[in-house]
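Me: I have a model open and would like to talk through its fold with you. Could you take my questions one at a time?

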Amino acid sequence: MPSGEVEVETGSGQPPKLTHDELRQAQARTLESPRRRYGIAARALFVMLDVLYGKRRKLGKFKILELVARVPYQAWEQVAFVAITHVHEKTGMTRRIQERVAQARAQQDNELWHLLIIEELLADSGQPQPRIRFYWLPQIIAFFYYHLSWLLFVIRPAWSYRLNADFEDHAEHEYMTLVSEHPEWETTPFTSEFADDYGHFDSLADLFRQIGHDERVHKEESEAQMREPRFS
Ligand SMILES: [Fe+2]
Ligand SMILES: [Fe+2]
């Protein structure tokens, strides 16, 4: 492994918490890495989000990303759960599917803490969140994205994992770039009702680096599953 890289174990759905130095290394590594070559569905989603919420990186837009981020994991968890009903007599396979259920559950929970922390920061910032754009519209986007993730998974699981890998890669780069756009966050303390649940950090910059790193771990988990997509 090249020096400066943080080794990441993927598979549990629980991304590791990094130290300040590791977080800085992780940010540098993301910023010097090219983005994935996004597929058509991912590109269409990112263009739509730019049109609806602007190209600038603002907390309100990250809240929408986090609302949407949870739903592929929810779709996969449900497909896997139904699969267990059909294959429960093959106990070895059932156990492996259950591991995917547990991973998808942990990934959803991780995205939930991201969402709650951003919601809290937004409330404290006083930034306006017009009801249609920041409450109703994201629910419609999440609804369609859930069904797209589910449908792709049923047709060809690797397609669903690829869409999510694109989504997570985009999120990883957006978070790490957001931190570099806010040098003042290096000295802004992070206090949150959810710190005991998610983690304590030296600064707001480190909080967002950690979230960006979580997104990288999610991406790597989806890339691993693209190579081994079927339950077996
Ligand atoms: Fe997230
Ligand atoms: Fe994620």
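Me: Leaving aside neighbours within four places in sequence, which residues is Trp-76 in contact with?

Reply: Happy to help! This is a predicted model, where local features need pLDDT of at least 70, side-chain atom pairs count only at pLDDT 80 or more, and totals for chains, interfaces and linings use all residues. Residues are numbered from 1 along each chain as its sequence is written, while chains are lettered from A and ligands numbered from 1 in the order in which they are written. Two residues are in contact if their C-beta atoms, placed from the backbone, lie within 7 Å. With neighbours within four places set aside, the contacts of Trp-76 are Arg-100, Ala-104 and Phe-153.

Me: Which element gives the most to the largest nonpolar core?

Reply: A nonpolar core is a set of buried Ala, Val, Leu, Ile, Met, Phe, Trp, Tyr and Cys residues joined through C-beta atoms within 7 Å. Buried means 20 or more other C-beta atoms within 10 Å of the residue's own, exposed means 12 or fewer, and partly exposed is in between, with C-beta atoms placed from the backbone. The largest such core has 35 residues, and Trp-76 is among those with the most contacts inside it. Two or more residues come from each of H3, H4, H5, H6 and H8, and the top contributor, with 12 residues, is H3.

Me: What secondary structure does the chain have?

Reply: Helices (H or I, at least four residues) and strands (E, at least two) are DSSP runs, numbered from the N terminus. Along the sequence the pattern reads α-α-α-α-α-α-α-α. The tally is thus easy to state: 8 helices and 0 strands.

Me: How far apart are the end C-alpha atoms of helix H4?

Reply: The expected span of a helix is 1.5 Å times one less than its number of residues. Helix H4 has 35 residues (91-125), so it should span 51 Å. The distance between its end C-alpha atoms agrees, at 51 Å.

Me: Which helices are included in what covers the buried residues of H4?

Reply: The buried residues of H4 include Ile-97, Ala-104, Gln-107 and Leu-115. Their cover includes helices H3 (59-87), H7 (195-198) and H8 (204-227).

Me: Is Glu-174 buried, partly exposed or exposed?

Reply: Glu-174 is found in helix H6. There are 18 other C-beta atoms within 10 Å, which means that Glu-174 is partly exposed.
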